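User: I'd like to learn how to read salt bridges in a model. Can you walk me through an example?

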Amino acid sequence: MRPLALALLAASVASGAGAQPFLPTERAAIDLVRSRHTDSLATVDGTLAYAERATGGAFTRGGYRVVRRPGEPFARVQICYRLGIDPPTCGLDYLVTVNPPHIEPAQRHDGLARDLEHGPRAFLRALAREADLQRQPAALRRIEAALEPDNPYDWR
């Protein structure tokens, strides 16, 4: 009896019938991300507010965007921001489900979201590193971005 129940549960989740209750509304997804406690026990919203104050306006939040892709049992919440002279971007991604509530960075081991998860100081260091990259020529920036996944050093 138990294997049959597990097979029915797996079939309903795979067919998409059971996936709908796991998707949060847009407002709920944004609220879950904003109130998420990072590894340093600071909230995402608190860390972003601290970064705005500490950088003197070089880093500014733009807003939140919720993206749902067909077939995914989660919603993506993207945090939009502007840093220095670069155009605005939505480069901080979180994956969100409800029932049970679960929030995690889309790329846990790469990018600014990784540093945001390690707290305000690590996030400020990452923003300073990104601001330094803005001063380099565009060709050098593209080369460094292409080589970043193979960099054996963690410069955080």
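User: Let's start with one pair: which residue forms a salt bridge with Glu-72, and how far apart are the closest N and O atoms?

Analyst: The general idea is that side chains of opposite charge can pair when their charged atoms come close. Keep in mind that this is a predicted model. Here Glu-72 pairs with Arg-76, and the closest N and O atoms are 3.6 Å apart.

User: Is Arg-76 buried or exposed?

Analyst: Arg-76 is buried, with a relative accessible area of 14%. The cut-off for buried is under 20%.

User: How many salt bridges does the structure hold?

Analyst: Eight salt bridges. One of them joins Asp-45 to Arg-34, with 3.1 Å between the closest N and O atoms. Asp-45 sits in helix α3 (residues 44–54) and Arg-34 in helix α2 (residues 26–34), so this pair ties together parts that are eleven residues apart in sequence. As for Arg-34, its relative accessible area is 30%, which makes it partly exposed.

User: Which residue does Glu-52 form a salt bridge with?

Analyst: Arg-61, and the closest N and O atoms of that pair are 3.1 Å apart. Check the accessibility of each partner too: Glu-52 is partly exposed at 24%, and Arg-61 is partly exposed at 28%.

User: Which residues are linked in a network of salt bridges?

Analyst: When you read pairs, check how they connect. In this model, Arg-34, Asp-45, Glu-52 and Arg-61 are linked in a network of salt bridges.

Key:
Residues numbered from 1 in each chain as written. Predicted model: local features only at pLDDT ≥ 70, side-chain atom pairs only at ≥ 80, totals over all residues. Heavy atoms only, no water. Salt bridge = Lys/Arg side-chain N within 4 Å of Asp/Glu carboxyl O. Helix = DSSP H or I, 4+ residues; strand = E, 2+ residues; numbered from the N terminus. Buried < 20%, exposed > 50% of the residue type's maximum accessible area, 1.4 Å probe, protein only.
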